[in-house]
Amino acid sequence: MLLTGIILIAAGQSLQAQPQPPKYSEVKIWISSPADAQALQQANLVLDHFHAAPDHIETVLNEYELAKLQQSGLGYEVLIPDLSAHYEANIRRTPAELKILEKEMQEQYNVSGFGFGSMGGYYTFDEVVAQLDSMRLNYPNLISQRESIGLSLQGRDLWAVRISDNPDLNEGEPEILYTALHHAREPQSMATIVYFMYYLLENYGTNPDVTYLVNNRELYFVPVLNPDGYVYNQQTNPNGGGYWRKNRRNNGNGTFGVDLNRNYGFQWGYDNSGSSPDPGDETYRGTAAFSEPETQVIRDFCNVHTFKLGLNYHSYQNILIYPWGYINALPPAPDDGIFIALAEDMTQFNNYDHGNSTQLLYPVNGSSDDWMYGEQTTKDKIFSMTPEVGSFFDGFWPDPNRIFPLAEENVYLNMALARGEGVITADSLDPLPPANPAAYSDYTTPTSIQINWIDPTSLANGDPLLPGEFTIEISRDGSPLASVNGGMQGYTDSGLNDGQEYNYDLYTRVTATDSISEAVGASWIAGGSPVPTAPAGLSCIPSTSQAMLSWSDPTTQIDGTPLDDLDHINIYRNGILIGSAAPGAESYTDTPPQGFTYDYYITAVDNENPPNESAPGNTVNCFVGDTPNFMVWVGPDATG
Ligand SMILES: [Zn+2]
């Protein structure tokens with residue numbers, strides 16, 4: 001009730017001072033000469049998210065910025081005069097259709113908790129809060145109760161949660177921070193981390209990588225960093241398509257909002273191209289470093305925590321940005337190499353470009369990343385980066401059919417950051433994984449697979465690990481299967497389907513500390529492979545009227561397990577099946593038309609229904625007839 005009251009008061013205030021939300025336009029600016037570039041600079045337009053072509057750029061401007069552009073004398077074209085109206089006019093799905101799409105997406109991406117919100121497919125602020133509560137309700141052992149880490153300018157809570165094993169305890173594990181919605185019109189930033197939170201919760205205990213990170217990290221999430229701006233967009237455009245970016249600071253001159261990602265206190269206001277001193281601009285940096293409650297809250301949150309790495313999610317540009325933002329340089333060695341190696345790993349599947357802000361877009365000063373990394377007095381440095389999710393074509397309000405794919409393409413990126421290679425030293429108290437994992441089954445055990453391994457004998461730091469101190473955890477095709485005491489070094493998985501392949505992951509868990517090793521894998525087919533090995537050593541002794549073939553019957557399937565069900569050997573002449581031989585015969589006499597050379601090969605066939613036939617063995621050619629003084633190749637169609 002109190003919160004509702006605050007929202008109403010806040011909305012009333014802003015409506016009084018500013019009856020209509022400002023109009024945002026998609027604008028093409030012609031930049032084809034150095035003079036044009038200079039004119040753009042002199043127009044004091046600090047651009048955000050633009051699409052650059054050789055002779056022009058496309059960007060989003062508010063009315064105030066458009067007026068500056070008009071005065072600059074630059075050539076430009078307004079492509080979409082009112083982006084919000086354009087979005088509203090192009091909504092392509094009814095709520096019922098969205099529901100169907102949501103179900104399809106959940107099935108395709110194998111997620112159950114994450115779904116669509118009511119604002120163009122995106123969760124509203126209240127819906128995000130409801131999701132946090134739902135996560136806690138369903139996964140109380142993995143996620144903490146939401147905690148307010150401070151209030152926005154208009155009195156809304158900035159909520160944070162922690163995902164870890166024992167989520168209600170600070171276990172001193174390395175801390176990782178994920179934030180979204182610095183900029184209110186970038187809802188995919190929020191969707192990407194909420195999706196990732198569900199990914200962690202739903203895959204814990206079955207996916208060894210997720211299990212390892214949840215057990216060995218404390219992952220913090222602040223999904224809505226700028227609630228006032230985000231709620232403002234909801235109020236002006238409840239179906240999505242609101243383009244408000246900044247917070248809702250009344251600047252006192254008829255303009256509103258400070259760009260929170262220009263307001264942090266490291267090299268704040270370094271120059272006027274990385275942020276704007278002009279309150280009407282979208283990149284207005286505020287009256288002072290940390291002038292805004294929202295950035296103060298994040299500053300204080302970082303100062304009382306020991307975050308090692310962080311991601312501040314934005315949209316869009318398909319890039320991953322690391323410091324520095326305020327100048328075109330990287331942090332000093334060895335941190336520059338650590339950032340680059342991390343970014344290489346993180347972007348290897350989504351192929352986002354990576355680099356510093358100037359390399360990729362434009363300089364940015366007063367950014368979260370520069371402060372989180374650069375401030376090393378009040379806290380330790382945080383290896384903090386900014387993914388800009390989605391392409392120019394996705395824009396700020398991607399079609400709902402893009403929400404799941406854009407979130408999914410950043411799951412690996414999020415996981416790799418949390419691993420923190422080069423930043424977080426491997427926990428030396430983690431155990432080593434089991435060695436030489438192997439799975440085996442043959443025809444004598446058609447419905448079971450025997451798994452064997454060699455137990456570890458030490459932790460990563462070399463301390464001894466005794467059999468009574470650990471278990472080997474086994475999962476089958478992603479689901480937990482068994483917990484086997486140290487010393488056993490084997491497990492029989494039964495009740496399986498003959499002929500089906502099964503994949504196993506094994507890792508070591510130390511009973512006292514709950515710490516786990518990396519996972520190692522093995523896979524096998526129940527009953528062994530059903531496919532016989534090809535017969536070997538086919539040879540041919542020709543005569544004037546016959547080809548006498550001989551070979552060795554196979555004794556194994558292709559995976560090396562014994563072959564118990566050989567039914568016959570198929571004989572092929574010039575690719576045509578001409579006969580068969582019983583097991584053990586190991587010879588066959590063919591009497592083909594004389595005077596020709598023939599190609600023979602053979603295969604092994606078992607007695608299953610349908611039968612399994614091996615690949616062909618070696619091919620022999622054989623001339624049948626008198627005086628082979630010339631060679632004739634006879635094609636398959638000439639024989640029958
Ligand atoms: Zn942004």
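Here are legends for five close-up views of this predicted model.

**View 1. How confident the prediction is along the chain.**
Start with the overall picture: the protein chain has a mean pLDDT of 91, with 94% of its residues at 70 or more. Residues 1–19 are another story, with a pLDDT below 50. Beyond near neighbours in sequence, that stretch makes 13 contacts in the model.

**View 2. Helix 3 and its buried face.**
Helix 3 covers residues 63–72, and its buried residues are Glu65, Leu66, Lys68 and Leu69. Look down the helix axis and these buried residues fall within an arc of 155 degrees, so they line one face of the helix. What sits over them? The cover includes strand 1 (24–30), strand 3 (56–62) and strand 4 (76–80). Turned away from the buried side is the face with the exposed residues Gln70 and Gln71. Now check both ends of the helix. At the start, asparagine 62 brings a side-chain oxygen to within 3.1 Å of the backbone nitrogen of tyrosine 64. Just after the helix comes glycine 73, which has a positive phi of about 85 degrees.

**View 3. Strand 6 with its partners, strand 5 and strand 8.**
Strand 6 spans residues 157–163, and 7 of its 7 residues are buried, so the rest of the structure largely encloses it. Asp157, Trp159, Val161 and Ile163 point one way from the strand, while Leu158, Ala160 and Arg162 point the other way, and all are buried. Strand 5 (residues 147–151) runs antiparallel to strand 6, and 3 bridges join the two. Here you can find glutamate 147 opposite alanine 160 of strand 6. The two strands make a hairpin with 5 residues between them. In that turn, look for glycine 155, whose phi is positive at about 90 degrees. Strand 6 also pairs with strand 8 (residues 218–222), again in the antiparallel sense and over 3 bridges. In this pairing, arginine 162 stands opposite tyrosine 220 of strand 8.

**View 4. The disulfide between cysteine 540 and cysteine 622.**
The structure holds 1 disulfide. A bond of this kind is a covalent link between the sulfur atoms of two cysteines. Here cysteine 540 is joined to cysteine 622, with an S to S distance of 1.8 Å. Which parts of the chain does the pair link? Distant ones: cysteine 540 is in strand 20 (residues 536–542) and cysteine 622 is in strand 26 (residues 620–624), 82 residues apart. The torsion about the S-S bond is about -75 degrees, so the disulfide is left-handed. Both ends count as buried, but with their own values: cysteine 540 has a relative accessible area of 18%, and cysteine 622 has 2% relative accessibility.

**View 5. Threonine 295 and the residues around it.**
You'll find threonine 295 in helix 10, which covers residues 293–304. Is threonine 295 buried or exposed? This residue is buried, with a relative accessible area of 0%. Its side chain makes a polar contact of 2.8 Å with the side chain of asparagine 263. The threonine 295 side chain also reaches the backbone oxygen of glutamate 292, at 3.0 Å. Setting aside neighbours within four places in sequence, threonine 295 is in contact with Leu260, Asn263, Tyr264 and Phe290.

Key. Residues are numbered from 1 along each chain as its sequence is written. This is a predicted model: local features need pLDDT of at least 70, side-chain atom pairs count only at pLDDT 80 or more; totals for chains, interfaces and linings use all residues. Side-chain values use heavy atoms; hydrogens and water are left out. Buried means under 20% relative accessible area, exposed over 50%, partly exposed in between (1.4 Å probe, protein chains only). Helices (H or I, at least four residues) and strands (E, at least two) are DSSP runs, numbered from the N terminus. The arc is that of the directions from the helix axis to the C-beta atoms. Contact means heavy atoms within 4.5 Å. A polar contact is a pair of N or O atoms within 3.5 Å; within protein, one must be able to donate a hydrogen and the other to accept it, and residues adjacent in sequence count only if both atoms are side-chain atoms. pLDDT is the predictor's confidence in each residue, from 0 to 100. Two strands pair if DSSP finds at least two bridges between them. A disulfide is a pair of cysteine sulfur atoms within 2.5 Å.
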